Amino acid sequence: MPRYEFRCRACGDTFEVSRPMAEASAPTTCPQGHDDTVKLSSTVAFTGRGAPSMPSPMAGGGGGGCCGGACGC
């Protein structure tokens, strides 16, 4: 489930909330009980850990067409 970062305008606390994407913009209450919160924009970084790496292109090899260059297209 995605996690969204919020900031409370009343106390300045920054906190995360896990919720479905369909509820991403729904209002939330800060841990201190204040209702005046705003969802922060955040960035996502994929490190590739756990996933196989992409094969490197063959030296001087194919054009990478429909089959990745294996047929020489």
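A residue is called buried here when its relative accessible area is under 20%, and in this predicted model Phe15, at 9%, is therefore buried.

**View 1. The protein chain as a whole, with its three strands and no helices.** Along the sequence of the protein chain the elements follow the pattern β-β-β, and the tally of secondary structure is zero helices and three strands. Of the 73 residues in the protein chain, 16% are buried. The accessible surface of the protein chain comes to about 5,800 Å², and carbon and sulfur atoms account for 53% of that surface. When contacts between residues at least 6 apart in sequence are considered, 25% of them join residues at least 24 apart.

**View 2. The largest nonpolar core of the protein chain, made up of seven residues.** The members of this core are Tyr4, Phe6, Cys8, Phe15, Val17, Ala24 and Cys30. Two elements, β1 (3-8) and β2 (14-18), each give two or more residues to the core, and β1 gives the most, with three residues.

**View 3. The aromatic pair of Phe6 and Phe15, with stacked rings.** The count of aromatic pairs in the model comes to one. In this pair the ring centres of Phe6 and Phe15 are 5.9 Å apart and the ring planes stand at 15°; because planes under 30 degrees apart count as stacked, the pair is given that description. Both partners belong to the largest nonpolar core, and their burial can be read from the relative accessible areas, which are 2% for Phe6 and 9% for Phe15.

**View 4. The surroundings of Ala24, a member of the largest nonpolar core.** Leaving out residues up to four places away in sequence, Ala24 touches Tyr4, Phe6, Arg19 and Lys39. Among these partners, Tyr4 and Phe6 are also listed in the core to which Ala24 belongs, so that this view can be read together with View 2.

**View 5. Arg3, an exposed residue in strand β1.** The relative accessible area of Arg3 is 56%, and since exposed means over 50%, Arg3 is placed in that class. Once neighbours within four places in sequence are set aside, Arg3 is in contact with Glu16, Val17 and Ser18. For one of these partners, Glu16, the separation from Arg3 is 13 residues in sequence, while the distance in space, C-alpha to C-alpha, is 6.2 Å. Another partner, Val17, is listed in the largest nonpolar core.

Key. Residues numbered from 1 in each chain as written. Predicted model: local features only at pLDDT ≥ 70, side-chain atom pairs only at ≥ 80, totals over all residues. Heavy atoms only, no water. Helix = DSSP H or I, 4+ residues; strand = E, 2+ residues; numbered from the N terminus. Buried < 20%, exposed > 50% of the residue type's maximum accessible area, 1.4 Å probe, protein only. Contact = heavy atoms within 4.5 Å. Areas by Shrake-Rupley, 256 points an atom, 1.4 Å probe, with all protein chains shown as cover. Core = buried A, V, L, I, M, F, W, Y, C linked by side-chain atoms within 4.5 Å. Phe/Tyr/Trp six-rings, centres within 6.5 Å; stacked < 30°, edge-to-face > 60°.
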